[in-house]
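Me: I am new to this structure and would like a slow, careful look at one part of it. Please begin with the overall layout, so that I can find my way to that part.

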Amino acid sequence: MYLKNSKTIVIKIGSSLLINEKKNIRKKWLSKFAKDIKYLLNKKKNVIIIQSGSIALKYKKLNLNKKKLKLDKRQTITSIDTLE
(Lines give C-alpha, C1' and ligand atoms only; values in the text may rest on other atoms or scores of the structure.)
Protein backbone atom coordinates (compact mmCIF):
# COMPACT_ATOMS: atom_id res chain seq x y z
CA MET A 1 0.00 0.00 0.00
CA TYR A 2 1.21 3.53 -0.75
CA LEU A 3 0.51 4.78 2.76
CA LYS A 4 3.20 2.56 4.22
CA ASN A 5 6.01 4.63 2.69
CA SER A 6 4.28 8.01 2.98
CA LYS A 7 5.26 10.47 5.70
CA THR A 8 2.38 12.86 5.13
CA ILE A 9 -1.15 11.89 4.18
CA VAL A 10 -3.70 14.43 2.95
CA ILE A 11 -7.35 13.43 3.26
CA LYS A 12 -10.17 15.46 1.71
CA ILE A 13 -13.61 14.93 3.19
CA GLY A 14 -16.65 16.16 1.30
CA SER A 15 -20.22 16.70 2.37
CA SER A 16 -21.41 13.40 0.92
CA LEU A 17 -19.13 11.54 3.33
CA LEU A 18 -20.38 13.45 6.37
CA ILE A 19 -24.09 13.70 5.57
CA ASN A 20 -26.28 10.96 4.11
CA GLU A 21 -29.08 11.39 1.58
CA LYS A 22 -31.56 12.04 4.40
CA LYS A 23 -29.35 14.91 5.63
CA ASN A 24 -28.30 13.00 8.76
CA ILE A 25 -24.76 13.01 10.08
CA ARG A 26 -23.04 9.69 9.31
CA LYS A 27 -21.88 8.98 12.87
CA LYS A 28 -20.82 5.38 12.18
CA TRP A 29 -18.60 6.50 9.29
CA LEU A 30 -17.11 9.32 11.38
CA SER A 31 -16.31 6.89 14.18
CA LYS A 32 -14.49 4.54 11.79
CA PHE A 33 -12.69 7.49 10.21
CA ALA A 34 -11.48 8.65 13.63
CA LYS A 35 -10.08 5.18 14.31
CA ASP A 36 -8.26 5.25 10.96
CA ILE A 37 -6.74 8.63 11.80
CA LYS A 38 -5.67 7.38 15.23
CA TYR A 39 -4.00 4.40 13.58
CA LEU A 40 -2.09 6.65 11.17
CA LEU A 41 -0.99 8.96 13.99
CA ASN A 42 0.22 5.96 16.00
CA LYS A 43 2.31 5.01 12.94
CA LYS A 44 3.92 8.49 13.17
CA LYS A 45 2.26 9.75 9.98
CA ASN A 46 1.53 13.44 9.45
CA VAL A 47 -2.18 13.69 8.68
CA ILE A 48 -3.72 16.72 7.00
CA ILE A 49 -7.51 16.79 6.78
CA ILE A 50 -9.20 19.09 4.29
CA GLN A 51 -12.89 19.23 4.97
CA SER A 52 -15.31 20.81 2.57
CA GLY A 53 -18.14 19.11 4.41
CA SER A 54 -18.10 21.41 7.42
CA ILE A 55 -20.61 23.74 5.82
CA ALA A 56 -23.13 20.93 5.38
CA LEU A 57 -22.68 19.96 9.03
CA LYS A 58 -23.32 23.53 10.15
CA TYR A 59 -26.56 23.76 8.16
CA LYS A 60 -27.67 20.48 9.72
CA LYS A 61 -26.72 21.56 13.24
CA LEU A 62 -28.46 24.93 12.88
CA ASN A 63 -31.47 23.36 11.12
CA LEU A 64 -31.20 25.72 8.15
CA ASN A 65 -32.06 25.36 4.48
CA LYS A 66 -29.21 26.63 2.31
CA LYS A 67 -31.50 27.35 -0.64
CA LYS A 68 -33.56 29.83 1.38
CA LEU A 69 -30.58 31.97 2.42
CA LYS A 70 -28.89 34.75 0.49
CA LEU A 71 -25.16 34.52 -0.23
CA ASP A 72 -24.11 36.88 2.57
CA LYS A 73 -26.02 34.80 5.14
CA ARG A 74 -24.52 31.55 3.81
CA GLN A 75 -21.02 33.02 4.07
CA THR A 76 -21.66 34.14 7.64
CA ILE A 77 -22.82 30.66 8.64
CA THR A 78 -19.49 29.17 7.55
CA SER A 79 -17.77 31.14 10.32
CA ILE A 80 -20.05 29.95 13.14
CA ASP A 81 -18.55 27.39 15.50
CA THR A 82 -21.19 24.67 15.92
CA LEU A 83 -19.09 22.17 17.84
CA GLU A 84 -20.26 21.27 21.32
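Read along the sequence, which pattern does the chain follow? After that, please look closely at V10: where is V10 found, and what does V10 touch, not counting residues up to four places away in sequence?

Reply: This is a predicted model, in which local features need pLDDT of at least 70 and side-chain atom pairs count only at pLDDT 80 or more, while totals for chains, interfaces and linings use all residues. Residues are numbered from 1 along each chain as its sequence is written, and side-chain values use heavy atoms, with hydrogens and water left out.

Read along the sequence, the chain follows the pattern β-α-α-β-α-α, which comes to 4 helices and 2 strands; both kinds of element are DSSP runs numbered from the N terminus, helices being H or I with at least four residues and strands being E with at least two. Of the 84 residues in the chain, 18% are buried, where buried means under 20% relative accessible area, exposed means over 50%, and partly exposed lies in between, using a 1.4 Å probe and protein chains only. The accessible surface of the chain comes to about 7,200 Å², with 55% of it belonging to carbon and sulfur atoms; these areas come from the Shrake-Rupley method with a 1.4 Å probe, and for residues only the protein chains shown count as cover. Among contacts (heavy atoms within 4.5 Å) between residues at least 6 apart in sequence, 54% join residues at least 24 apart.

Now to V10, which is found in strand 1. In a regular strand the side chains alternate between the two faces of the sheet. Strand 1, residues 8–13, shows this alternation: I9, I11 and I13 point to one face and are buried, whereas T8, V10 and K12 point to the other face and are not. V10 counts as exposed because its relative accessibility is 51%.

The partner of this strand is strand 2, residues 46–51. Strand 1 and strand 2 pair in the parallel sense over 6 bridges, a pairing that requires DSSP to find at least two bridges between the strands. Within this arrangement K12 stands opposite I50 in strand 2. V10 and I49 are 39 residues apart along the chain, yet their C-alpha atoms are separated by 5.9 Å. Not counting residues up to four places away in sequence, V10 touches I48 and I50. V10, I48 and I50 also make a nonpolar surface patch of about 260 Å². Such patches are made of residues with over 30% relative accessible area and no salt bridge, like charges being joined within 9 Å and nonpolar side chains (Val, Leu, Ile, Met, Phe, Trp, Tyr) within 5 Å; a salt bridge is a side-chain nitrogen of Lys or Arg within 4 Å of a carboxyl oxygen of Asp or Glu.

Following the chain back from strand 2, one meets the loop between helix 2 (27–42) and that strand, where K44 is found. Most residues other than glycine have a negative phi, and most peptide bonds are trans. K44, however, has a positive phi of about 65° although it is not a glycine, and K44 is exposed, with a relative accessible area of 72%.

Helix 2 itself holds W29 and F33. A search of the whole structure finds 1 aromatic pair, formed by W29 and F33, which are stacked at 5.1 Å centre to centre with 10° between the planes. Rings of Phe, Tyr and Trp (its six-membered ring) pair if their centres lie within 6.5 Å, and planes under 30 degrees apart count as stacked, over 60 as edge-to-face and the rest as tilted. W29 and F33 are separated by about one helical turn, because they are 4 residues apart in helix 2. W29 is partly exposed, at 22% relative accessible area, whereas F33 is buried, at 15%.

Beyond strand 2, L64 lies in the loop between helix 3 (54–62) and helix 4 (71–77) and counts as partly exposed at 35% relative accessibility. Leaving aside neighbours within four places in sequence, L64 is in contact with Y59, L69 and I77; L64 and I77 are 13 residues apart in sequence and 9.7 Å apart, C-alpha to C-alpha.
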